[in-house]
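Q: Could you walk me through this one? I'd like to start with the conventions and then get to the details.

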Amino acid sequence: MNQSTDRATSSWLASAHTTPSTARLEWEQGGIAMLPTGRAFDTVRISAAIIHAAAQSGDSDTVAAYLGRVLDGPVINDAYDTSVWYYALVPLGSCTHHHAPDALRLTPDTTWLGVPAVHRTARPGAYWMHPPRHHEDFCVPEGVDEVISLGRQRAIRPRTPGPTGPELDSIAQACTELFEEQRDGQCSVDDATDSVMRARGHLMVLLPVIEDAVSRMPLDDRTRAHMERGIEEAHREMELDCSSSNLPRQYAHALRLARCCLDQVRLLRELDAAGIAQ
C-alpha cells in the first residue's frame, strides 16, 4: 500500500469518528483507535471457532489465505489469548441477519470497535489480517454468510443418528480418545484446535437430545435438577473462547468439553434405561 492510498484509507476509517483527529491521534500513540460502527462501515464479529472450522485450520497463514479468498475484504483479528475474535468490515446496512453470539453484526452507533492503524498487520494485540486496500473497501457479504454457515456445519460434524438418537458408543469412544491424545504429548496447536472442534461437535449433537428429554420430566424431579446443572455447565463450556495459541490451555478446553460429553452420554444412557430418552 503506497502512502497516498494509506492516507486515503486512514481518512475513510477515521471518518467514522465524530472527531477524526482523535482517531488519528490514537493510532499515532497506541496503534489502535476506538471507532463507532455503523457510520463508515458495519462490522460482523465472528468467533475463532467458526473461522477455524471453516478454514479447517487454526494456523494464521492458512486462515488468512482462506479469508482473503472468500471474504475479499478487510478483516481484523483480535489476537489476545483471552478473547480471540475476527471482525469483518461490511457495507452499511448489510449482514443484519447475523445476531447470534458466535456471529454478530455489531449494533450501529452504540458499539465501538478497536480498529488498528492500516499498517498494523501483526501481533501483539488486534491487527489487520487483511487491511483495507482503498476507500470503502469491504468484505463481500455473501462471503461472510458462506464462512459462517460452513464454519457452523464443520464445527458440529454430526454423526448419523441411530433409531433412538445419537450413536452414544461412538461419541463416548471419540471423547475418550481425546484424553489418550493428551497423554501422548506429541501434538501441535492445530491438533489441539481440531480436538476442541470435535468435542464441541459431539456436545452440540448431544445437548438437544438431553434437553428434550429433561423437558418431559416432572419439574420436581431430583434427577431433572441434576441434569439441568449439567446442561448449564455444558453450555458454559460451549460459550468459552475456542481458540488460543497456548497449547496447554487449548487442550484443557478440549478435555473439559470431552468430559461434558461423557457426562451427557452417561445421563442419556440412564434416561434410555428408564424409558425417558425415547
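A: Helices here are DSSP runs of H or I with at least four residues, strands are E runs of at least two, and both are numbered from the N terminus. This is a predicted model, in which local features need pLDDT of at least 70, side-chain atom pairs count only at pLDDT 80 or more, and totals for chains, interfaces and linings use all residues. Residues are numbered from 1 along each chain as its sequence is written, and side-chain values use heavy atoms, with hydrogens and water left out.

Q: What phi does Gln 56 take, just after H3?
A: Gln 56 has a positive phi of about 60 degrees.

Q: And how many residues of H3 are buried?
A: Eight of its eight residues are buried, where buried means under 20% relative accessible area, exposed over 50% and partly exposed in between, with a 1.4 Å probe and protein chains only; among them are Ile 50, Ile 51 and His 52.

Q: Switching topic, how many disulfides does a search of the whole structure find?
A: The search finds zero disulfides, a disulfide being a pair of cysteine sulfur atoms within 2.5 Å.

Q: Why is there no bond from Cys 260 to Cys 261?
A: Because the sulfur of Cys 260 lies 7.2 Å from that of Cys 261, its closest cysteine sulfur, the separation is too far for a bond. Cys 261 is in no disulfide either, with the nearest cysteine sulfur, that of Cys 175, 3.9 Å away.

Q: Is Cys 261 buried or exposed?
A: Cys 261 counts as buried, since its relative accessibility is 0%, and Cys 260 also counts as buried, at 4%.
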